[in-house]
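Me: I should like to go through this structure term by term, setting each value against the definition behind it. Please begin once the structure is displayed.

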Amino acid sequence: MKIHISVVIPAHNEEKYIKRCIDSVKAADSVFPGNTEIIVVCNRCTDATESIARENGAVTVINEDRCIAKVRNAGIAVAKGKIIVTIDADNRMTKNTLREIYALLKSGKYIGGGAPIRFERYSFPLWCNDILCRVSFRITGLYCGIFWAEKKTFEAVGGFVDRKAMEDVATAKLLRKYGRKQGRKYTTLRRNYLINSTRKYDDLGDWLYLKLMIKNTGSILRAAVGDKTGIEKMLDELFYDYND
């Protein structure tokens with residue numbers, strides 16, 4: 001069977017969320033005329049993420065890197081689809097996402113792109129976060145959230161940029177630069193969006209990122225002059241060790 005789209009889902013101990021993510025991909029696949037494979041990259045998992053993924057029809061890959069870029073790239077490496085779509089395990093896609101991605105790439109006008117982000121619930125601080133994301137995306141054009149491009153395009157740019165954080169922005173810049181050389185644009189979905197999980201806000205408060213910036217002001221300033229020790233510790237706590 002020919003695979004048209006491979007959806008790559010990085011997952012570190014995501015037994016609570018992986019099924020709903022997979023279900024959202026299946027719902028999108030149900031209205032997409034082509035064939036879709038789902039690849040869950042189980043990163044340092046010690047829970048039931050892998051078994052749940054398999055039970056729900058996903059291909060699983062084991063990866064031990066403490067770098068989200070490498071985790072995504074591990075999934076891309078084994079993907080059989082011509083088109084790659086990435087989404088994090090605690091997030092969901094809307095129903096016509098795959099149809100829209102396929103149509104945009106088939107038009108020949110676009111090298112790839114991202115997706116608008118909408119939180120699964122809202123409060124005043126989350127609205128502030130939402131507006132900040134919308135403004136920054138509009139100004140820079142570096143849409144993230146759900147990444148999508150042909151597999152050969154990801155291979156041409158070397159995959160996701162090998163960084164522990166902000167790899168999404170760096171990768172978007174690479175894709176946009178490569179697209180310009182090909183006479184194609186880096187863009188975003190118009191009719192579909194990423195449903196962004198609020199589980200960290202639920203656990204740590206809706207002002208989470210503002211509090212982190214204030215708490216880690218010293219680490220941020222030291223990172224600006226080359227000492228990234230404090231920032232690395234913060235990233236580990238917030239992302240790589242979050243579900244331990």
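Reply: Strand β4 and strand β8 (residues 147–150) pair in the antiparallel sense over 4 bridges. The model is a predicted one, in which local features need pLDDT of at least 70 and side-chain atom pairs count only at pLDDT 80 or more, while totals for chains, interfaces and linings use all residues. Numbering starts from 1 along each chain as its sequence is written, and side-chain values use heavy atoms, with hydrogens and water left out.

Me: What makes β4 and β8 a pair?

Reply: Two strands pair if DSSP finds at least two bridges between them. β4 and β8 have 4 bridges, so the criterion of pairing is met. In β8, F147 stands opposite T86. T86 is also the bridge partner of V8, and strand β1 (residues 5–11) pairs with β4 in the parallel sense, again over 4 bridges. In general, strands of a sheet pair through backbone hydrogen bonds, either parallel or antiparallel.

Me: Into what order do the 7 strands of the open sheet fall, and what is the pairing called?

Reply: The order is β3-β2-β1-β4-β8-β6-β9, and the pairing is mixed. β3 (59–63) and β9 (185–188) are the edges: each has a single partner strand, so one side of each lacks a neighbour in the sheet. Neighbouring strands of this sheet are turned by 25° against each other on average, direction ignored; the axes are lines fitted to C-alpha atoms (for helices over the stretch in contact), and angles run from 0 to 180 degrees between N-to-C directions. At the β9 edge, strand β6 (residues 110–114) runs parallel to β9 and is joined to it by 4 bridges, with T187 as the bridge partner of G113.

Me: Which strands stand at the edges of the open sheet of 3 strands?

Reply: This sheet has the order β5-β10-β7 with mixed pairing. β5 (92–93) and β7 (117–119) stand at its edges, since each has a single partner strand and therefore one side without a neighbour in the sheet. β7 and strand β10 (residues 194–196) run parallel, joined by 3 bridges, and R118 stands opposite I195 in β10.

Me: How many helices and strands does the chain have?

Reply: There are 11 helices and 10 strands, identified as DSSP runs numbered from the N terminus: helices are H or I of at least four residues, strands are E of at least two. The chain is as compact as a globular protein of 244 residues, because its radius of gyration is 18 Å, close to the 18 Å of the globule rule. That radius is taken over C-alpha atoms, and the rule is 2.2 Å times the number of residues to the power 0.38. The C-alpha trace spans about 50 × 40 × 35 Å along its principal axes.

Me: Why is L126 called buried or exposed?

Reply: L126 has 0% relative accessibility and therefore counts as buried; the term means under 20% relative accessible area, against over 50% for exposed and partly exposed in between (1.4 Å probe, protein chains only). L126 belongs to helix α5 (residues 124–140). Setting aside residues up to four places away in sequence, L126 touches F119, R121, T198, Y201 and D206, where contact means heavy atoms within 4.5 Å. Buried residues make up 52% of the chain's 244 residues.

Me: Which residues have the most contacts inside the largest nonpolar core?

Reply: They are V7, I9, V40, V85 and M93, in a core of 58 residues. Another core, of 5 residues, lies apart from it and includes F119, L126, L208 and L212. A nonpolar core is a set of buried Ala, Val, Leu, Ile, Met, Phe, Trp, Tyr and Cys residues joined through side-chain atoms within 4.5 Å. In strand β4 (residues 83–86), I83 and V85 point one way and I84 and T86 the other, and all are buried.

Me: What makes the phi of N13 notable?

Reply: Most residues other than glycine have a negative phi. N13 has a positive value, near 50°, and lies in the loop between β1 and α1 (18–30). Its relative accessible area is 11%, so N13 is buried. R44, likewise not a glycine, has a positive phi of about 55° and is found in the loop between β2 (36–43) and α2 (49–55). R44 is buried because its relative accessible area is 13%.
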